[in-house]
Amino acid sequence: MTNQPLSSSNPRVDLEYRRKKSAEEMRYQVISFALMIFLTLVAFASVAMKGTTQWFTVPFIVLLAAVQVVFQLFYFMHMSHKGHEAPTLFLFSGLFVGLTAILAFSTIIWW
């Protein structure tokens, strides 16, 4: 029996590591998918509930949608992985510019 060092030259170690990481990532995706389904059901329930006003329902649904966007970006589009810093920067820069434009136009219209 030979003792081989744990290095990248050993394909068996790399394969086991990849399987472990893939299983872990799949678990995160399934959990995130279940949470998104739950948040969708909560949004439907908030609309269906009697006695809630539009002033509560609309911001609540927008908040749930924002949480789902974060789940989708980080777990399904793999934005949390290394090497995705530039797309993340461009995405959040575009979001900042878009929200600033919406705020500016809303201010112009309402004042």
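How much space lies in the largest pocket? I looked this up first and found about 200 Å³. I took a pocket as an open set of points on a 1 Å grid over the protein atoms alone, where a 1.4 Å probe fits, with protein on both sides within 12 Å along at least five of seven lines. The volume is the space filled by probe spheres set on the points, which are joined across faces, edges and corners.

I noted that this is a predicted model, where local features need pLDDT of at least 70 and side-chain atom pairs count only at pLDDT 80 or more, while totals for chains, interfaces and linings use all residues. Residues are numbered from 1 along each chain as its sequence is written, and side-chain values use heavy atoms, without hydrogens and water.

Next I read the lining (residues with an atom within 4 Å of a point). I listed Lys21, Glu24, Glu25, Tyr28, Gln29, Phe74, Tyr75, His78, Ser80 and His81. Two or more residues each come from α1 (11-48) and α2 (54-76). The largest share, five residues, is from α1.

Then I turned to the whole chain. I found three helices and zero strands, in the order α-α-α; helices are DSSP runs of H or I with at least four residues, strands are E runs of at least two.

I looked up burial: 13% of the 111 residues are buried, meaning under 20% relative accessible area with a 1.4 Å probe, protein chains only. The accessible surface of the chain is about 9,600 Å², and 73% of that belongs to carbon and sulfur atoms; the area comes from the Shrake-Rupley method with a 1.4 Å probe.

Notes: Buried < 20%, exposed > 50% of the residue type's maximum accessible area, 1.4 Å probe, protein only.
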